Amino acid sequence: MSIAVDRDQTFLDTIARIAEEVAAPNAGEVDRDARFPAETIQALRDERALSAFVPAELGGGGVGLETIAAACFQLGRRCGASAMVFAMHQIEVISIARHLEDAGWFEDYLRAVAAEQRLIASVTSEIGTGGDMSRSVAALTPGSDGLLGFEKQAPTVSYGQYADDLFVTLRRGPDAEPSDQVVALARKEQITLEQTGTWDPLGMRGTCSPGYVVRAEILPEQVLPTPFPRVSAESMVPVSHILWSHLWLGIATDAFDRARAFVRAAAKRNPGEPPPVAVRLSHLMSDLSLLRAEVGSGLDEFVAASAEPGRERLSTMAMALRFNNLKIAASEQAPRVCQGALGVCGIVGFKNDTPFSVGRHLRDTMSACLMVANERIHQTNASLLLIAKDV
Amino acid sequence: MTDEIRKIIQEHGRLPSDIGALPASADLYQAGMTSHASVNVMLALEDHFDVEFPDRMLTRSVFESIASIEAALTELRAEATLR
């Protein structure tokens with residue numbers, strides 16, 4: 001076994017333990033009270049999991065994207081909200097780490113993420129853009145002492161109140177067009193958050209994602225030199241869709257496991273013929289297999305394209321369509337599996353306090369089609385399909 | 001060819017500013033061309049120059065300036081001549 005494989009496996013064993021021992025026993029309360037999964041995030045910090053993807057030479061764990069994705073799956077099986085917080089943080093880390101291009105401030109920043117296990121939240125959605133992440137209203141504006149200020153109206157900022165730092169998309173300057181975007185990394189002490197709404201949603205309740213007006217003043221070097229459109233196409237969008245779909249698969253897998261446990265219990269009560277509901281479980285397994293195949297192949301294709309020199313294929317429309325379709329397919333299939341599990345378990349699945357409860361799973365996965373709305377993605381795809389050739 | 005490209009961007013790029021003022025190397029996306037508008041520019045270019053951009057060329061960097069579009073079209077035409 002190579003050192004890299006060994007290191008990644010050790011990391012995954014640790015994540016599986018945290019999922020089992022910390023995330024699982026708190027998942028019910030996190031969901032019921034819509035509270036931040038603080039103990040799970042602390043356990044991840046204690047094991048230095050927040051810097052797992054940071055290159056080893058910057059003090060991080062240096063594990064691969066496949067391993068981060070597998071970790072999202074493991075956490076998703078035990079607590080969807082914990083998995084989503086972990087995934088979103090990793091998306092920001094990965095987006096920075098893949099586009100460092102000798103940006104000294106950001107290298108130092110990743111060292112700080114590793115040393116202090118800093119948690120990053122993202123402020124990418126914005127009121128006034130119609131859900132289009134490739135446009136911004138808020139702009140970096142030169143202020144006093146050479147600092148750059150901004151004020152952004154964000155409809156949701158997941159775990160914003162609990163994050164150490166914010167990853168914010170903005171127009172490059174006050175005169176820049178909406179599509180001329182950059183990414184800035186603002187540190188907690190530079191930020192003020194004014195909460196603009198409440199947080200009492202259907203699912204993913206532990207992500208604590210109300211709206212905020214985000215204000216900050218930052219140094220010019222806290223703006224990533226690589227323009228956001230490139231970061232978005234080569235990293236942020238595909239990695240988001242890959243990590244989200246892995247955790248949705250995790251949630252759906254646990255719903256399936258609960259349905260299977262229910263059928264096994266029924267079979268044990270009446271030995272002999274398989275219970276009639278066992279056939280429904282078989283149908284459910286087909287649905288889960290489709291989800292698993294799509295999620296796995298999306299990851300494999302991204303890893304392969306990322307390994308090519310210059311990563312140019314990642315900027316093609318064919319690849320944009322590929323990862324958009326991963327998101328659409330996984331976000332529709334995951335709640336379908338959870339609903340199928342409910343159909344198998346019946347009333348004991350519907351009740352929130354049995355070993356076969358799948359209400360949380362169903363509600364959590366119903367958020368999937370909304371985080372970057374599928375209809376918005378379909379609009380983008382419709383446009384790309386006019387010109388893309390081999391899709 | 002540059003003037004024809006300019007005309008197509010003028011008609012389909014939906015730039016907030018006048019294309020005539022933009023140098024050939026200017027970043028069209030920074031000048032306000034949206035992803036959606038860029039698809040319309042690509043379709044119009046294919047139609048006008050009777051070419052098809054292969055998938056490897058359907059990237060942001062190929063369509064980010066008048067100069068890069070011209071380079072891509074020149075390359076496609078050279079390939080067509082060779083065939």
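# A guided tour of the predicted model

Begin with chain A and select strands 1, 4 and 5, which form an open sheet of 3 strands in the order 1-4-5, with mixed pairing. The model is a predicted one. At the edges of this sheet are strand 1 (120-123) and strand 5 (181-187) of chain A, each of which pairs on one side only. From one strand to the next, the twist averages 25°.

Next, restrict the selection to strand 4 (residues 165-171) and strand 5 of chain A, which run antiparallel and are joined by 7 bridges. Display the side chain of A:F167; opposite this residue, in strand 5 of chain A, stands A:L185.

Now add helix 4 of chain A, which packs on the sheet and touches strand 1 and strand 4 of chain A. The direction of helix 4 makes about 80° with that of strand 1 of chain A. Helix 4 of chain A has 18 residues, and the distance from its first C-alpha to its last is 25 Å, close to the 26 Å expected at 1.5 Å a residue. Is helix 4 of chain A buried or exposed along its residues? With a residue counted as buried when 20 or more other C-beta atoms lie within 10 Å of its own, 18 of the 18 residues of helix 4 of chain A are buried, so this helix is largely enclosed by the rest of the structure.

Colour chain A by domain for the next stop: domain 1 covers 3-118, domain 2 covers 121-222 and domain 3 covers 228-385. Between the C-alpha centres of domain 1 of chain A and domain 2 of chain A the distance is 22 Å. Their contact takes 16 residues from domain 1 of chain A and 18 residues from domain 2 of chain A. On the domain 1 side, helix 1 (3-33), helix 4 (80-97) and helix 5 (104-116) of chain A are the elements that give two or more residues. Which of the elements gives the most to this side? Helix 4 of chain A does, with 7 residues. By residue class, the domain 1 side divides into 10 nonpolar, 2 polar and 4 charged residues.

Then select A:Q117, in the loop between helix 5 and strand 1 of chain A. Its phi is near 50°, a positive value in a residue other than glycine. Most residues other than glycine have a negative phi. A:Q117 counts as partly exposed, because it has 18 C-beta neighbours inside 10 Å.

A second positive phi is found in chain B. Select B:D50, in the loop between helix 2 (35-49) and helix 3 (66-82) of chain B; this residue is not a glycine, yet its phi is positive, at about 50°. B:D50 is exposed, with 9 other C-beta atoms within 10 Å.

Return to chain A for another open sheet, of 4 strands in the order 2-3-7-6, with antiparallel pairing. Its edge strands are strand 2 (141-142) and strand 6 (191-195) of chain A, each pairing on one side only. Strand 2 of chain A pairs with strand 3 (residues 148-154) of chain A in the antiparallel sense over 2 bridges. Zoom in on A:P142, whose bridge partner in strand 3 of chain A is A:L148.

Finish where the chains meet: 18 residues of chain A are in contact with 19 residues of chain B. On the side of chain A that touches chain B, helix 6 (228-269), helix 8 (317-345) and helix 11 (374-385) of chain A each supply at least two residues. The residues of that side divide into 8 nonpolar, 5 polar and 5 charged.

Definitions and conventions. Residues numbered from 1 in each chain as written. Chains lettered and ligands numbered in written order. Predicted model: local features only at pLDDT ≥ 70, side-chain atom pairs only at ≥ 80, totals over all residues. Contact = placed C-beta atoms within 7 Å. Nonpolar A, V, L, I, M, F, W, Y, C, P; charged D, E, K, R; others polar. Domains from an automatic or database assignment. Expected span 1.5 Å × (residues − 1). Buried ≥ 20, exposed ≤ 12 C-beta atoms within 10 Å, placed from the backbone. Pairing = 2+ DSSP bridges. Axes fitted to C-alpha atoms, helices over the stretch in contact; angles between N-to-C directions.
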